[in-house]
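Below is a short report on one protein model. It covers a residue and its contacts, the fold as a whole, the backbone and a pocket.

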Amino acid sequence: MGRLRRSRVHNARRDVHRASRTRARARDLDQIKIIDLDPKRRAELEAQPLDFERPGLGQHYCVECAKYYETDAALNSHWRSKVHKRRCKQLKAEPYTIEESERAAGLGREERRPPRVPVMQDVVVEA
C-alpha cells in the first residue's frame, strides 16, 4: 500500500484573500438604493456621455448591479439573468440604518426596563 497523497488545505487562506481584495470593488446595496435609484440620478446613469475608458463606451449600464456591459444585447441578456433578478430582490429589502448597525455592535442605546429595586418587607419579630 502506497503513501496517501496529502490533501490540499490552502483553500481557506485563498478564499479569505480573494474576499478582501478591493480591486474589483462594486457599489454596496445601500449606496445603490439611496443614491443611484433616485429617478434623477438614474436618468443620468442611463444616458451617460461617451467614455472611452469604460466597457461599451459607457453606454450600456445596469443601474441595479452598478455594472457596464459591452453591447446592448449583453445588457438585455443580463436583465433576464438570475444574477440581476437576485440583485433586484435584495434592493427591495430595506437597508440597515446606522442606528441598527450600532445596536448590533453593542454601541447603541438599548430599550431596557429600569432595574428592579428589591422592596424590604416589614418583618415582625415576636419575642
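Beyond its neighbours within four places in sequence, His84 is in contact with Cys62, Glu64, Cys65, His78 and Trp79, where contact stands for heavy atoms within 4.5 Å. His84 lies in helix H5 and counts as buried at 8% relative accessibility. Buried here is under 20% relative accessible area, exposed is over 50%, and partly exposed is in between (1.4 Å probe, protein chains only). One of the contact partners, Cys62, is 22 residues from His84 in sequence and 8.9 Å away in space, C-alpha to C-alpha.

The model is predicted: local features need pLDDT of at least 70 and side-chain atom pairs count only at pLDDT 80 or more, while totals for chains, interfaces and linings use all residues. Residues are numbered from 1 along each chain as its sequence is written, and side-chain values use heavy atoms, with hydrogens and water left out.

His84 and Cys62 stand 8.9 Å apart, and a UniProt annotation covers this part of the chain. The unreviewed UniProt entry lists residues 60-84 as "domain: C2H2-type"; positions follow the numbering used here, the feature name is shortened, and such annotations may be inferred rather than shown by experiment. Residues 60-84 are 44% helix and 16% strand, with 14 Å between the end C-alpha atoms.

The protein as a whole has six helices and two strands, in the order α-α-α-β-β-α-α-α along the sequence. Both are DSSP runs numbered from the N terminus, helices being H or I of at least four residues and strands E of at least two. Of the 127 residues, 15% count as buried. Among contacts with a separation of 6 or more, 30% join residues 24 or more positions apart. The protein exposes about 12100 Å², and carbon and sulfur atoms supply 53% of this area, computed by the Shrake-Rupley method with a 1.4 Å probe.

Helix H6 (residues 98-105) is hardly covered, with zero buried residues among its eight. Thr97 sits in the loop between H5 and H6 and is partly exposed at 37% relative accessibility. The C-alpha atom of Thr97 is 9.3 Å from that of Asp30, although 67 residues separate the two along the chain.

Most residues other than glycine have a negative phi. The table gives three residues with a positive value.

| Residue | Phi | Place |
|---|---|---|
| Leu57 | near 60 degrees | loop between helix H3 (39-46) and strand S1 (61-62) |
| Ala66 | about 55 degrees | loop between S1 and strand S2 (67-68) |
| Gly106 | about 85 degrees | just after H6 |

Leu57 is partly exposed, at 34% relative accessible area.

Ala66 also belongs to the lining of the largest pocket, as do Arg25, Ala26, Arg27, Cys65, Lys67, Tyr69, His78, Val83, Arg86, Arg87 and Gln90. A pocket is an open set of points on a 1 Å grid over the protein atoms alone where a 1.4 Å probe fits, with protein on both sides within 12 Å along at least five of seven lines; lining residues have an atom within 4 Å of a point. The space in the largest pocket is about 210 Å³, a volume filled by probe spheres set on the points. Helix H5 (residues 82-92) gives the most to this lining, with four residues. By type, the lining holds five nonpolar, two polar and five charged residues.

Terms used:
Nonpolar A, V, L, I, M, F, W, Y, C, P; charged D, E, K, R; others polar.
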